[in-house]
Amino acid sequence: MHLFLLIGLLAFSVLAVLLRDLLKSAISLAVASIFLALLFFLMNAVYAGVFEISVVAGLITVLFITAITLTRGDGDVAESRKHRIIFPLFFLVLAVVDLLVMKKLLGQIPAIQGSESGTFSQVLWNQRTFDLVGQVGAISAGVLAVLALFRRDDMHGTASKGGSHE
Amino acid sequence: MLFLFIIVPLVLAGLLPLLGKVSKRLLPDLLASAAMLFLLVLAVFSARPLIADGGIIQQAFWFGAPLNIRLLLDGFSLFMLFTISLVSFAVTLYSINYMEHYGAKANYYALLLVMIAGMNGLVLSSDLFTIYVFLEVAAIASYALVAFGRGHDELEASFKYLMLSAVASAFVLLSIAVIFGVSGGVSFGVVAQGLKTLNIKTVVGFCSGLFLAGFGLKAALVPFHSWLPDAHPSAPAPISAMLSGVLIKVSGVYAMTRIFLGVFGLTPALTTVLTIMGIVSIFVGALAALGQNDIKRMLAYSSISQIGYVVLGFGIGTPLGILGGLFHLFNHALFKSLLFLNAGAVEQSTGTRSLDKMGGLAKVMPLTAATSAVGSLSIAGVPPLNGFWSKLLIIIALVQARMHVLAVLAVLGSVITLWYYLVLQHQAFFGKLNEAWQGVKEAPFWMSAATVLLALLCIVTGLAFSFVIRSWLQPAADVLGQGVGVALNFIGF
Amino acid sequence: MNNLWILNMGFVALLVGVGLYCLLTMKNTVKLLIGVEIIAKGVTLALVAGGYARENLMIAQSLAITVIVVDVAVIATALALIININRHTKSLDVRKLTKLKG
């Protein structure tokens, strides 16, 4: 089951990269997210799973689709045809190296056990409060960035005057 | 109390877009500058006595109620806090005049404050994951600030910067995830303890490689530097000063040094890699700067070169080398932001960044020319200005560590630096005044105030270098000199 | 436990590799962002897998959620940039973004 979900996650990620149509790409990314969320559920990480489904498969996909729609018609970018040959080769090499190295790299590490107790919310609130402040910072940075980039007074071009790059 | 360093800018950033509706200019100007002055005073007077007996962990309070946030303050983080506050104060003063023609001032200050909050949070955090989170906070704000003008160049530079920076963050986070899986924790103490007991060289080596690539990208060390010469010149001048002056140091050099020296412990292999990256950066940056005609691009390449000196100093690993690296970090924050602010003043007055078109500007912009001369001579390492002392310390440390070839190369790099800064001064400010600039006026009051402040600090730091070293740098160098021991001390908290 | 961790980490490496491939070879700006997303997925998996293997699952989930939230902010900023660039160049092709020398 675990392996099946991992393969699904990987397969849909690869599809997201290789598909020509951006919308289909974004949707396969969302499907990959759902596989990842199911993996999280399987590993008892319920909260992470819920977040993965609602935020990544939901919100981020919506953001992607909005952006793709807003730029529609300009979305046809000629990608190199060589991907059909290069990507399988690249992937094969990567997989072989991965298979050879990963076991050696991580296999020697003794299995130490963590010593945590308490429920999820207790851990999040008692140990990771600082990260919550960081989350607030990241969200406000994102909101302010979007506000700045879509502000109405259209004054762009003022700073690139003089054409000093030529 | 330390929590104020994060929460004051963050709360103000949240309020500013609303206040901006009431007062478009005055209130944002006033509040942002006041906040930065407050943080500067806090860093100089209140935070310093706290670390009289070495580093501390302080619990954060929110309106009197204790929070489960533990902030780490020691010599190194205080030193960085001070540098951040100082440069940001100068930058906010400068922005009062400079940002007029961009519009949306409240939004600009809000982003700047979020970036400062992110950097302060990074510096005060005592665990690897929190470093990553605040790294991203500062980075997201900086993407928007680079693109703030919304011209084609700005957007392009910002997009490239975002892509490379996202990869850098991913490398850092991947490394943290592996360490978390190996040691079962992410705080400095637990990780240092875990890595010490487990003794797994290959995994630590692998993670070091990821960190090196990630933070190397953030610090724009060669070969990870390609984004910087685009991103830093494209931003508005105060943001260029902020990015080159502090952001690359906090999110690149500080984070890397903190983790390598304080948590992993410096290994001989790491020393070799860091010194090589340092010396290569010095030369690649300096030689590329030599051929630039765009004043801001020249300064950006010069940043790569000077960051090379800082990393070279840290890479030596001896107390003197670390001291020299720290001193150069501080000095570079001062003179590089000064030079970027001056470049912005010239660009605003003349409308060009091309050195060919300038000439003789000293006659019409005497103050800008004078401060720029101070900055150029400092960065080139002319005695008795501050850049001379820090480069001297690094070179002495190299000689002491028996790296004679590197010492000669470092001197050579300094000569090239002097060369292109003389070119800059000559082409921009000296010689015959270009006809077109007859009507050019000196920069407005606050812009000049900021540059004069930084230029005076360059001179004072140069003259009173022994005082600066004793009071600010030695505590920081001591922390780094103790290595992993510091992290292990905090394990109980 | 350890074997499952190694299996997970193996797939993490593959995901990061695929994401990097996307970043290095693709020419569409939105596609590049999808590459960033795939790398982020790999890293989230690495965090949760590490927590599962060491019975630190609660902390691991807190970290994973923070990563997801931060990621949303990055993606939103990047998409805002892409839409703005699209207004200038009328294209999503990164090859049109060559004004700066790099």
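Colleague: What makes N386(B), G387(B), W389(B), S390(B), K391(B), L393(B), I394(B), I395(B), A397(B) and L398(B) the buried residues of helix 15 of chain B?

Modeller: Each of these helix 15 residues is buried, because a residue is given that name if 20 or more other C-beta atoms, placed from the backbone, lie within 10 Å of its own (12 or fewer is exposed, anything in between partly exposed). The model is predicted: local features need pLDDT of at least 70, side-chain atom pairs count only at pLDDT 80 or more, and totals for chains, interfaces and linings use all residues. Residues are numbered from 1 along each chain as its sequence is written, with chains lettered from A and ligands numbered from 1 in the order in which they are written.

Colleague: Which helices do the buried residues of helix 15 of chain B pack against?

Modeller: They pack against helices 12, 13, 14, 16, 17 and 18 of chain B. A helix here is a DSSP run of H or I with at least four residues, numbered from the N terminus.

Colleague: How do you know that the span of helix 15 of chain B agrees with its 15 residues?

Modeller: The expected span is 1.5 Å times one less than the number of residues. For residues 386–400 of chain B that gives 21 Å, and the end C-alpha atoms are 21 Å apart, so the two agree.

Colleague: What is the phi of R402(B), which follows helix 15 of chain B?

Modeller: The phi of R402(B) is positive, near 60°.

Colleague: How many residues of chain B are in contact with chain A?

Modeller: 51 residues of chain B are in contact with 36 residues of chain A; contact requires C-beta atoms, placed from the backbone, within 7 Å. Helix 5 of chain B gives the most to this side, with 10 residues.

Notes:
Contact = placed C-beta atoms within 7 Å. Helix = DSSP H or I, 4+ residues; strand = E, 2+ residues; numbered from the N terminus.
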